[in-house]
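Please look at the place where the ligand sits, and keep the sequence beside you while you read. The report below describes what surrounds the ligand.

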Amino acid sequence: MSYFEIIGGKKLNGEIEVRGAKNAALKAVAAALLSREKWTITNFPFIEDTNRILEMVENLGVKVARGSNQVEIQAKSIQKNSLDKNLTKKLRASIILAGPMLARTGKVEMYHPGGCVIGRRPIDMFLDGFQKFGAKIKWQDGHFRMSAAKLAGAKIFFPKITVTGTETMMIAAVLAEGETILENAAMEPEIPALADFLNKCGAKITGAGTPIIRIKGIGRNGKIRGGKMELIPDRIETGTFAILGAICGGKIKIKKCNPNHVRAFLVNLSKAGVKFEEKKNELVIWGAKSLKAINVSTHEYPGFATDLQPPFTLLMTQAKGSSLIHDSIFDGRLIFTDILNTMGSRITMNDPHRVTVNGPTDLHGKKIASPDLRAGITLVLAGLIAKRKTKIENIYQIDRGYERIEERLRKLGAEIKRIQK
Ligand code: EPU
């Protein structure tokens, strides 16, 4: 068990590079199972969540070769139908493996997936989708078995927009027979990026990145070729580093990012008084002299990402006035504000989806623990502006999504250490 020790108050300056997107990496690993040939995934972040999914596919008998910033995956055959219980409990995205496994082998056994404690995370839309493809599902003692002699293309309308649900059904449909139409699909940039690459490998997907995606299935024995896929930059890292720049800069240049993927966030950042300059793959952020309180509501892409709500809430503790933050997607994502309050912020929870932040407030260092990934990185940022020392435990949660974050922050001048207990 290790923890972070942070001495706050240092002005940060310099450059920081954004890694490949965690949530693209997880789905690319799953999609690689559609092919018997080798997929090379570049710009691959080696973080706890991606390490877990690689372990899960290795357990299925799939060959995995880790390189520097890239991974090779070759699923000549899938030798097992069941996913490891402990790994499944650690990673919600493990459900995405069910799609290609079902499509390739016709059988899947797995436990209800776990993951971040950010609210209820049901899997009803996944199970409904698999059933529409013709799968039979049996529940027994907290785990379920699915079987399907073959997958038949289906028309699936998602009653609620689901990112991983859209990706899982899109991947499964590639090896189904006949056409699948996904309606009210998620539009996150990771989805068209994956569809483009799958199309290069022989899939027939149109409309990814819009609410209606059509997939012409090539059947279980159809061929998806191998190839090299470069992951898009992590838009949540991009936004998180932008807030870092606003509250701790100096001047921070964020490299290898795509500002277009965080447009709604940048519009709000600007409204709050943060000055930045953007180029195609770069953002330069200046430390804000005075911040304005603004109201923000999260939304599915292209709206303001729920994953950027925690750091934005922190930003608002430094702004003058009262700001209403509404997380419309998850009902447990604002609980971390209690921890910020122990550090000196003045945040009132109105209901599980809404808080009011009154600022500006000075934060002071504390011994705290990271409740989940995005709240965890927010507490790191809070520690960097707090007076005196902050100790953050349960940093596995932060390592799930940010590669060696302390080393990257130290390069900007931050005083942060990982201490092994
Ligand atoms: N939902 C259902 N039933 C389902 C599936 C989802 O009711 O079968 C609900 C969820 O409870 C939630 C809403 O639908 O209220 C949207 O959830 P979604 O399925 O879109 O979330 P997800 O795919 O599980 C991904 C990211 C999250 C990110 C959300 C929203 C991955 C692996 N995870 O989750 O990322 O917050 O989309 O954009 O892609 C993170 O990276 O920290 C993270 C939590």
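What follows moves from the pocket to the residues around the ligand and then to its polar contacts.

The model is predicted, and in it the space taken by the ligand is the largest pocket. There are 26 residues around the ligand, and of these D124, T162, T164, D307 and R374 come nearest. When this shell is sorted by class, twelve residues are nonpolar, ten are charged and four are polar.

The shell can also be read along the chain, since at least three of its residues come from domain 1 (2–18 + 233–420) and at least three from domain 2 (22–230). Four helices, namely α1 (22–32), α5 (124–132), α6 (163–174) and α12 (373–385), each supply at least two residues of the shell, and the largest share, four residues, comes from α1.

Three contacts between oxygen atoms of the ligand and the protein are set out here.

| Residue | Protein atom | Distance to a ligand oxygen atom |
|---|---|---|
| R92 | N or O atom in the side chain | 2.9 Å |
| P122 | backbone N or O atom | 3.2 Å |
| I329 | polar backbone atom | 2.9 Å |

The ligand taken alone exposes 830 Å², and the protein buries 91% of that area.

Which part of R92 lies 2.9 Å from an oxygen atom of the ligand, side chain or backbone? In R92 the atom belongs to the side chain, whereas P122 and I329 each approach a ligand oxygen with a backbone atom.

Technical notes. Residues are numbered from 1 along each chain as its sequence is written. This is a predicted model: local features need pLDDT of at least 70, side-chain atom pairs count only at pLDDT 80 or more; totals for chains, interfaces and linings use all residues. Side-chain values use heavy atoms; hydrogens and water are left out. A residue is near a molecule or strand if one of its heavy atoms lies within 4 Å of it. A polar contact is a pair of N or O atoms within 3.5 Å; within protein, one must be able to donate a hydrogen and the other to accept it, and residues adjacent in sequence count only if both atoms are side-chain atoms. Accessible areas come from the Shrake-Rupley method with a 1.4 Å probe; for residues, only the protein chains shown count as cover. On a 1 Å grid over the protein atoms alone, a cavity is a set of points where a 1.4 Å probe fits but cannot get out, and a pocket is an open set with protein on both sides within 12 Å along at least five of seven lines; lining residues have an atom within 4 Å of a point. A molecule sits in a cavity or pocket if more than half of its atoms lie within 2 Å of its grid points. Ala, Val, Leu, Ile, Met, Phe, Trp, Tyr, Cys and Pro count as nonpolar, Asp, Glu, Lys and Arg as charged, and the others, Gly among them, as polar. Domain bounds come from an automatic or database domain assignment.
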